[in-house]
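User: Please give a close reading of one part of this structure, and then relate that part to the rest of the chain. A single connected account would be preferable to a list.

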Amino acid sequence: MSAFYYPRPALVQALLDAMSGQDPFSDAANGIFLSAPRRTGKSTFLRNELLPALESDGKLLIYVDLWSDRKRDPAALIASEICAALKHHLPALVRGARSAGVSQLTIAGWLKIDPAKVGTIEGLTLPDALKVLHAAAGKAIVLIIDEAQHALSSEDGEATMMALKSARDQLNRPGDTKLFLIMSGSDRDKFLRLLNSSAAPFYGSAISKMPLLDAAFIAQAAAKIEAAAPHLMPVNRDKLERAFARFGHRPQAFLAALSEAANALHQPSPGFEDEVLHAAERQSAEEEQGMANLYLALRPLEQALVWRMLEQGGRFRPYDAAALAFYSEHAGEKASTAQIQNIIEALRSQSPSLVRKSAKGEYAIEDVGMYEWFQRLVAAGAWPPMAEN
Ligand SMILES: Nc1ncnc2c1ncn2[C@@H]1O[C@H](COP(=O)(O)OP(=O)(O)O)[C@@H](O)[C@H]1O
Ligand SMILES: [Mg+2]
């Protein structure tokens, strides 16, 4: 089952339609922002399906995954992909530069990127680089930035996002889009920061939820099992759908469990669907226990801080009066601003880090799954978690 792949042509078509310019209300020319939780198939879809479809539609594609190398600055990752595209179009470049009206261009060495001068390709600003690229390639450019929210983890990354917005505004005219920006994000809250304040790079645009794999994905997997093992017919699709949901709509974990349960070597018997469902329940219980253990291993003041962060989400302020009162109420001891600051730093630098800090200096829990876990326990009246005995 590992090779099982479910293609999503309808989703490809919906995006192509939005970008075609035929819908007067489509905002695609200003950017497409897609969010879905991690491991649900975003990168796979963008790379394996959307990218080739847009290429055959005559566009020049640049794809950057900001999580591909977490040690590199997102600005440098973006710049180096744009640089690679420029190099590819080098032969036509000189002519392109002329017709784009870029006069200060010196050929020798100008394609190198200086990470210290982010957004510039030696003497060329990012918007100019994209203008030159467009002129050189003679095609509309589609720049796909996967896990785009990660750009906000560095100042240079944030500046790059601003530069991309400026490039978009300089290159595009109504009805004539030369630069499409498609961004994906796993963390909706962080992703929103690209759009939802007047200082945000893409203020005014909206995030679309990228649809999760659905019943049709399950139906296709079930049909494949039935074809390989007719004695398992009819495969209980409903149970498999429930298992998939329990796996958080993450195809990899689901397909692994399915492959284990319906493996021909084990002579699977009717009812193997229950095994898949149990595997899903086991995994989600394990994940929750892992988070509970992490929380329970913290000292009282650390727990109070994490609790406050989970509860406040994007509104979290570490040192305001309400927060300090919260810490002392839940930890049973008074905490100074300096103490809290030390705790935050310790939780940030531990590995894996529990807390992260954005370029703007805002703090949040690194693992978004913890927010969902917190909400679930609160809803079930089971917060805070208790030690197992
Ligand atoms: N359409 C699909 N059909 C089958 N498996 C898929 C599909 N899309 C994704 N997967 C599986 O799920 C895993 C996670 O997908 P990925 O695209 O990396 O998620 P994301 O980018 O959202 O974190 C992939 O490695 C792949 O094994
Ligand atoms: Mg991805």
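Analyst: In this predicted model, phenylalanine 202 is found in the loop that runs between helix 7 and strand 7. Its relative accessibility is 1%, so phenylalanine 202 counts as buried. Beyond its neighbours within four places in sequence, phenylalanine 202 is in contact with Asn30, Phe33, Met161, Leu164, Lys165, Arg168, Leu181, Met183, Leu194 and Leu195. The C-alpha atom of phenylalanine 202 is separated by 26 Å from that of aspartate 57, a residue 145 positions away along the chain.

Serine 205 has its place in the loop between helix 7 (188-192) and strand 7 (207-209). Serine 205 counts as buried because its relative accessibility is 12%, under the 20% limit. Outside its four-place sequence neighbourhood, serine 205 is in contact with Asp27, Asn30, Phe33 and Leu195. Among these partners are Asn30, Phe33 and Leu195, which are also in contact with phenylalanine 202.

Other partners of phenylalanine 202, including Met161, Leu164 and Met183, lead to the largest nonpolar core. That core has 36 residues, and those touching the most other members are Leu130, Leu143, Ile145, Met161, Leu164 and Met183. At least two core residues come from each of strand 2 (60-65), helix 3 (74-88), helix 5 (126-137), strand 5 (141-146), helix 6 (155-171) and strand 6 (179-185). The most, 6 residues, come from helix 5. Leucine 143 shows how such a member is surrounded: apart from neighbours within four places in sequence, its contacts are Ile62, Val64, Ile82, Leu164, Leu179, Phe180, Leu181 and Ile182. Leu164 and Leu181 thus appear among the contacts of leucine 143 and also among those of phenylalanine 202.

A second core, separate from this one, comprises 32 residues, including Ala292, Tyr295, Met309 and Trp373. Met309 is one of the buried residues of helix 12, as are Leu305, Val306 and Trp307. Helix 12 covers residues 300-312, and 11 of its 13 residues are buried. Those buried residues pack against helix 11 (272-296), helix 13 (321-331), helix 14 (337-349), strand 8 (355-357), strand 9 (363-365) and helix 15 (368-379). From first to last C-alpha, helix 12 reaches 18 Å, close to the 18 Å expected at 1.5 Å a residue. After helix 12 comes glycine 313, with a positive phi near 55°.

The ligand site can be set beside these regions. Ligand 1 is surrounded by 14 residues, and Tyr6, Arg39, Lys42, Ser43 and Thr44 are the closest. A nitrogen atom of ligand 1 lies 2.7 Å from a backbone N or O atom of tyrosine 6. An oxygen atom of the ligand is 3.3 Å from a backbone N or O atom of threonine 40. The side chain of threonine 44 places an N or O atom 2.5 Å from an oxygen atom of ligand 1.

For the chain as a whole, there are 15 helices and 9 strands, and 47% of the 389 residues count as buried. Of the contacts with a separation of 6 or more, 65% join residues 24 or more positions apart. The C-alpha trace spans about 75 × 65 × 40 Å along its principal axes. As to confidence, the mean pLDDT is 88, with 90% of residues at 70 or more. Over residues 103-120, however, pLDDT stays under 50, and the model has 32 contacts beyond four places in sequence for that segment.

Methods
Residues numbered from 1 in each chain as written. Chains lettered and ligands numbered in written order. Predicted model: local features only at pLDDT ≥ 70, side-chain atom pairs only at ≥ 80, totals over all residues. Heavy atoms only, no water. Core = buried A, V, L, I, M, F, W, Y, C linked by side-chain atoms within 4.5 Å. Buried < 20%, exposed > 50% of the residue type's maximum accessible area, 1.4 Å probe, protein only. Helix = DSSP H or I, 4+ residues; strand = E, 2+ residues; numbered from the N terminus. Contact = heavy atoms within 4.5 Å. Expected span 1.5 Å × (residues − 1). pLDDT = per-residue confidence, 0-100. Near = heavy atom within 4 Å. Polar contact = N/O pair within 3.5 Å; in protein donor to acceptor, adjacent residues only side chain to side chain.
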